[in-house]
Amino acid sequence: MSSIPERRQAIEPREISQESDTLLRITWADGVGCDYKAAALRRACPCAQCVNEWTGERTLKPEAIADEVEINDLAIVGRYALNFRWSDGHETGIYSFQYLRDLCEHQEVAGQLP
Ligand SMILES: [Zn+2]
């Protein structure tokens with residue numbers, strides 16, 4: 001066996017924990033922690049129903065999502081993304097780790113933990 005170094009992903013979560021029905025916490029491999037509120041995360045859904053594939057324009061209206069929306073279930077997709085099942089029945093969004101990290105750093109959705 002030759003020793004080809006394993007390719008490291010730039011953005012990788014160390015821990016993903018659902019703190020409550022409405023709060024997701026991700027601790028990244030570099031030690032940065034991010035809290036995500038369910039409603040904000042739902043409003044940032046990147047799927048083709050929520051974002052125009054051609055223009056990149058968000059077609060989902062923030063006010064269409066209740067503040068009380070909950071995470072019913074979440075699953076890791078192909079080791080690079082998360083898929084959520086929301087209490088409003090939506091489940092087509094694939095949130096790549098890169099996208100989740102960007103959301104956190106841009107403070108649109110999540111707050112970085114101290
Ligand atoms: Zn969506």
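pLDDT is the predictor's confidence in each residue, from 0 to 100. I start there because this is a predicted model. The chain averages a pLDDT of 88. Of the residues, 84% score at least 70. Confidence varies by element. Strand β5 has the highest mean pLDDT, 98. Strand β7, residues 110–112, has the lowest, 59.

Let's go to the sheet with β5 in it. Three strands make an open sheet, in the order β4-β5-β6. The pairing is antiparallel. At the edges sit β4 and β6, residues 94–96, and each of them pairs on one side only. On average, neighbouring strands here are turned by 30° against each other, direction ignored. Helix α2 packs on this sheet and touches β5 and β6. The direction of α2 makes about 75° with that of β6.

Now look at β4 and β5 more closely. Six bridges hold this antiparallel pair. For one pairing, find Ile76: its bridge partner in β5 is Leu82. Between the two strands, β4 at 71–77 and β5 at 81–86, there is a loop, and Arg79 is in it. Arg79 is not a glycine, yet its phi is positive, about 65°. Is Arg79 buried or exposed? It counts as exposed, because it has 8 C-beta neighbours inside 10 Å, and the cut-off for exposed is 12 or fewer.

Next, the inside. In soluble globular proteins, nonpolar side chains tend to be buried together. Here the largest nonpolar core has 18 residues. Leu24, Leu41, Ile71 and Leu100 have the most contacts inside it. Which elements each supply at least two residues of this core? They are β2 at 23–28, β3 at 33–37, α1 at 38–43, β5, and α2 at 97–105. Take Leu24 as an example. Leave aside its neighbours within four places in sequence. Leu24 then contacts Gln18, Glu19, Tyr36, Leu41 and Ile71. Two of those names, Leu41 and Ile71, were on the list of core residues with the most contacts.

Last stop, β1. This strand covers residues 13–20. How many of its eight residues are buried? The count is zero, so β1 is hardly covered. Its partner is β2, and the two run antiparallel, joined by six bridges. They form a hairpin, with two residues between them. Pro13 stands opposite Trp28 in β2.

To recap: Arg79 is exposed in its loop, with a positive phi. The largest nonpolar core draws on β2 and β5, among other elements. And β1 has no buried residue.

Key
Residues numbered from 1 in each chain as written. Predicted model: local features only at pLDDT ≥ 70, side-chain atom pairs only at ≥ 80, totals over all residues. Helix = DSSP H or I, 4+ residues; strand = E, 2+ residues; numbered from the N terminus. Buried ≥ 20, exposed ≤ 12 C-beta atoms within 10 Å, placed from the backbone. Core = buried A, V, L, I, M, F, W, Y, C linked by C-beta atoms within 7 Å. Contact = placed C-beta atoms within 7 Å. Pairing = 2+ DSSP bridges. Axes fitted to C-alpha atoms, helices over the stretch in contact; angles between N-to-C directions.
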